[in-house]
Structure formats: structure tokens, C-alpha cells
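Subject: Structure for your review

Dear colleague,

Please find below the structure that I am handing over to you. The findings follow directly after it, and I would ask you to read them with the structure open.

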Amino acid sequence: MGYVKYEQKDLIGIVTIDREKALNALNDAVLADLEAVIDAIDTNKTRCVIITGAGQKSFVAGADIAAMSTMTKAQGWAFSKHGNDVFRKIEKFPIPIIAAVNGFALGGGCELSLSCDIRIASENALFAQPEAGLGITPGFGGTQRLARTIGAGKAKEMIYTCSKVKAEEALRIGLVNAVYPADQLMDECIKLAGKIARNAPIAVRQCKKAINMGLQMDIDSGVALEADLFSLCPGTKDQRNAMTAFCEKRKPDPFINE
Ligand code: CAA
């Protein structure tokens, strides 16, 4: 795909938004390529995905401002829906996705990272939702996921003031899970993805579903969902392998996704 590259490293898929000249800004073509790359991932061979941006400077510097500058209301609606559909697909992707935030994560870039399960940032990462300063609202899920991730008060402050949040501050407010020097970011993300990939894939998938769907439910519905998803695991080869190994005081065989 022109604007999005994919690399398979054993059980880990690495997706790179590759429009470095525009700091990986998202227009309809980039969004379409991103969706096509996500759709093509073989989830039987892949247990964790990492999304990052090309170059040293930017994860994604937002939605494409030049493309939006002359938009009509109808075009604005269609563009927001396009971004939201792709990001929702990322959020609902059956296996975990880590955002390796390697620089600017502004507007649509911050929103892309929020649609991922886990955000890991480089020391030079910078987060913001600058939309109100551009005469628009966040349009790729920022008004929804930022508040769900860092709480309504902090999200409202970020969105109303358009303030920039550096990596250390992002760590403090729970926007990212960890911060590393830029030259260590990908290695650390691959290590984290590897730890996820070593666990039983059917179980990990149900965990993702249970957490994401449960966050939208009342607690009674959430624990009922958990029981349903839990019940999909007993009897799988991976569950039998892991628990038999525990009982026999030995390590399990590698998991096989069955
Ligand atoms: N859209 C389009 N082009 C962008 C862009 C964006 N969001 N961000 C950067 N670029 C382009 C610049 O226009 C420039 O292109 P040219 O070389 O052709 O002039 C190139 O990328 C490099 O950018 P700068 O020269 O500006 O680099 P810098 O280091 O001086 O500044 C920056 C970097 C602070 C990120 C600055 O580019 C900037 O402020 N970008 C805009 C960030 C922003 O406001 N993002 C939110 C967009 S709105 C949104 O995302 C809405 C939504 O939710 C749907």
C-alpha cells in the first residue's frame, strides 16, 4: 500500500504510516491504505500488532489540514466518518494493537493512538488535540476516547485549551503506559508485543473483547459477558496444555491458537 507499510516479524505485525513529508498526516488515501493493511493482517499468524509512523519526528501529525481547509459540512461529515470507521476497526481488531508513538501525536495522531490497546511513547513524543484552535472539533474519536482514557476533566482541559502534552506528562496522566528514548522505542514495543504473543491467543482475544465491550456496560452486564467469554476457553488445546503443565510442575508447550 502506498502510504502504509507492513512487516511481519514472527508473530508480530508492524504497520508504519509512511507519509513522512507531511509528518504522516492522514487524508482519505492514507486512511484507505491503513484500512486495507489492517484488513490484510492474517490473525492466525499474528498475535500482536504495532502501529508507528515513518521517520524520527512524527507518529501522525493529525488529519490533513490542507485537505480539510476547503471542506463543506457534508464533506466534513464524510471525512470524520471515514476516520472513525477505520479507527473503530482498529479498536475492535481481534488481537491487541500497540501504538509506538515516535514523535508528534496531534489531532488524528493522538486519536489513532487512543484507538490502540496500549500506547508506548518515545521521549520526544508530543500529544495534543489542536482542533478547537483550527475551528473544528476532534473528528476521529478524540472527544470520546480521550475522556474514556484519561478522565473527562483532563480530556476537556486538553481539548478546550489545545495544550501540548509532553511524553513524561502523558505518562503521569495515564495517556501512555511507558516512555523510552527514541532509539529504544521499537525494541521495547517488540518486547512488549512478544510478551503478549507468548500467551494463549484465544484467551488474549477474549480478554480484549471483555475489557473493551465491558467498559461500555453496567457491571452486571459486564461480568455476565466475562462469564460468556471465559467459557470459550476451557477445552481449547491451549488451556489443556497450560493447566496440565501447571499440575505436572513443568512449563507448557508453546501455544498453538487452538
Ligand atoms: N496536515 C497537513 N500537512 C501537515 C500536517 C497536517 N496535520 N502537519 C504537518 N504537515 C506538513 C506541513 O504542512 C509541512 O509540509 P510542507 O513541507 O509541504 O510545507 C510538513 O508537514 C512539515 O511540517 P512543518 O514544516 O510544519 O514542520 P515543523 O517541525 O515546523 O512543525 C508541527 C511540526 C508542529 C507538527 C506542525 O507541522 C503542525 O502544527 N502541524 C499540524 C498539527 C495539527 O494541528 N494537527 C491536527 C489536525 S486537525 C485533526 O487532526 C482533526 C481530526 O481529528 C479529524
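In what follows, two residues are in contact when heavy atoms of theirs lie within 4.5 Å. Please keep in mind throughout that this is a predicted model.

Packing of the helices

With that meaning of contact, E111, L114 and S115 in helix 4 meet G142, R145, L146 and T149 in helix 5. The residues of this contact divide into 2 nonpolar, 3 polar and 2 charged. Two packed helices are described by the angle between their axes and the distance between the axes. For helix 4 (residues 108–115) and helix 5 (residues 142–150), the axes come within 10 Å and cross at roughly 55 degrees. An angle from 35 up to 65 degrees is classed as oblique, and helix 4 and helix 5 are therefore oblique to each other. Their crossing is left-handed.

Helix 4 also packs with helix 3 (residues 73–91), at an angle of about 30 degrees and with the axes 8 Å apart. Angles under 35 degrees count as roughly parallel, so helix 3 is roughly parallel to helix 4. On the side of helix 3, the residues in contact are F87, I90 and E91; on the side of helix 4, they are G108, E111, L112 and S115. This contact divides into 3 nonpolar, 2 polar and 2 charged residues. You may notice that E111 and S115 are listed in the contact with helix 3 and also in the contact with helix 5.

Nonpolar cores

Which residues touch the most other members of the largest nonpolar core? They are L34, I51, I90 and F127, in a core of 46 residues. Helix 1 (residues 28–40) gives the most to this core, with 5 residues. Apart from it lies another core, of 14 residues, which includes I14, C48, I50 and I196.

Two residues with positive phi

Most residues other than glycine have a negative phi. C162, however, has a phi near 60 degrees. C162 is found in the loop between helix 6 (152–161) and strand 9 (165–166). Since buried means under 20% relative accessible area, C162 counts as buried, with a value of 19%.

N257 likewise has a positive phi, near 65 degrees, and is placed in the segment after helix 11 (237–247). Its relative accessible area is 18%, so N257 is buried.

Two loop residues

Is L11 buried or partly exposed? With a relative accessible area of 31%, L11 is partly exposed. L11 sits in the loop between strand 1 (4–9) and strand 2 (12–17). Leaving aside neighbours within four places in sequence, L11 is in contact with K45, T46, R47, C48 and A197. The C-alpha atoms of L11 and F127 are separated by 29 Å, and these two residues are 116 residues apart along the chain.

D64 is buried, with a relative accessible area of 7%, and lies in the loop between strand 4 (58–60) and helix 2 (65–68). Beyond neighbours within four places in sequence, D64 is in contact with R19, A25, L26, N27 and F79. D64 and G13 are 51 residues apart along the chain, and their C-alpha atoms are separated by 26 Å.

Yours sincerely

How values were computed: Residues are numbered from 1 along each chain as its sequence is written. This is a predicted model: local features need pLDDT of at least 70, side-chain atom pairs count only at pLDDT 80 or more; totals for chains, interfaces and linings use all residues. Side-chain values use heavy atoms; hydrogens and water are left out. Axes are lines fitted to C-alpha atoms, for helices over the stretch in contact, and angles run from 0 to 180 degrees between N-to-C directions. Helices (H or I, at least four residues) and strands (E, at least two) are DSSP runs, numbered from the N terminus. Angles under 35 degrees count as roughly parallel, over 145 as roughly antiparallel, 65 to 115 as roughly perpendicular and the rest as oblique. A crossing is left-handed if the near helix is turned anticlockwise from the far one by less than a right angle, and right-handed if clockwise. Ala, Val, Leu, Ile, Met, Phe, Trp, Tyr, Cys and Pro count as nonpolar, Asp, Glu, Lys and Arg as charged, and the others, Gly among them, as polar. A nonpolar core is a set of buried Ala, Val, Leu, Ile, Met, Phe, Trp, Tyr and Cys residues joined through side-chain atoms within 4.5 Å. Buried means under 20% relative accessible area, exposed over 50%, partly exposed in between (1.4 Å probe, protein chains only).
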